[in-house]
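Work through the exercises below with the sequence and the model open beside you, and try each task before reading its solution.

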Amino acid sequence: MFLIKDDCWKIRKTKQKGFGVFAKKEIKAGTVISDYLGKVINIAEYDLEQDKKGLYLMYLTDQASIYPDLTKPGPHLFNHSCKPNCWIYIYYGHTLFFALRKIKHGEELTISYLLSPKDETCNPCKHDCKCESKICTGTMHLSKERYEKWRKLTE
């Protein structure tokens, strides 16, 4: 669910990434943009192999994730970037997306998906990054070193 007015964002098709969310006007740094809402799913009972719609599960805890209502616009349409302009903050059960910096009119709103390091369970891997930033790693997966730093920071 978007928490900013409809005249601040729009959804449109991208060249390589399907749909994305774009700023219709400048969004100030620190602005809370959206809340990731949906059905809470037990990860142990969810079959990722059967999910052909895409990468929409949002991590909530080690046991649960949120699956959004794909018929409604929302932050599930934010694409991955190795140099994101938005970040996620979990606050009292809400998964809030906010602007890391000023986002210019026409700019795509992006986050880092922070996927765990690639292993044998991700074969063939479909998590190629297409962000085209100068620091693009070519994958949505973090390296083992960066993943461990992230885990320590979040603990």
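The first exercise begins with a strand pairing in what is a predicted model.

**Exercise 1. Determine how strand 3 is joined to strand 9, and in which sense the two strands run.**

Step 1. Strand 9 covers residues 94-99, and 3 bridges join strand 3 to strand 9 in an antiparallel arrangement.

Step 2. To fix the register, start at V32, whose bridge partner in strand 9 is F98, and then go to D35, which stands opposite L96 of strand 9.

**Exercise 2. Establish the strand order of the sheet that contains strands 3, 8 and 9, and name its edge strands.**

Step 1. Strand 8 and strand 9 pair in the antiparallel sense over 6 bridges, and within this pairing C86 has A99 of strand 9 as its bridge partner.

Step 2. The 3 strands form an open sheet in the order 3-9-8, with antiparallel pairing. The edge strands, each of which pairs on one side only, are strand 3 (32-35) and strand 8 (86-91).

Step 3. Neighbouring strands of this sheet are turned against each other by 30° on average, when direction is ignored.

Step 4. Finally, inspect the hairpin of strand 8 and strand 9, where 2 residues lie between the strands and Y92 takes a positive phi near 50°.

**Exercise 3. Find out which parts of the chain the salt bridge between D7 and K25 ties together, and how accessible the two residues are.**

Step 1. A search of the whole structure gives 6 salt bridges, and one of them is formed by the side chains of D7 and K25, at 3.0 Å from N to O.

Step 2. D7 belongs to the segment before strand 1 (9-13), whereas K25 belongs to the loop between strand 2 (19-23) and strand 3, so the pair ties together parts that are 18 residues apart in sequence.

Step 3. D7 counts as partly exposed at 36% relative accessibility, and K25 is partly exposed with a relative accessible area of 36%.

**Exercise 4. Examine the salt bridge of E108 with K17, and decide whether each residue is buried or partly exposed.**

Step 1. The closest N and O atoms of E108 and K17 are 2.9 Å apart. This pair links distant parts of the chain, 91 residues apart, with E108 in the loop between strand 9 and strand 10 (110-111) and K17 in the loop between strand 1 and strand 2.

Step 2. Because buried means under 20% relative accessible area, E108, at 13%, is buried, while K17, at 25%, is partly exposed.

Terms used:
Residues numbered from 1 in each chain as written. Predicted model: local features only at pLDDT ≥ 70, side-chain atom pairs only at ≥ 80, totals over all residues. Heavy atoms only, no water. Pairing = 2+ DSSP bridges. Helix = DSSP H or I, 4+ residues; strand = E, 2+ residues; numbered from the N terminus. Axes fitted to C-alpha atoms, helices over the stretch in contact; angles between N-to-C directions. Salt bridge = Lys/Arg side-chain N within 4 Å of Asp/Glu carboxyl O. Buried < 20%, exposed > 50% of the residue type's maximum accessible area, 1.4 Å probe, protein only.
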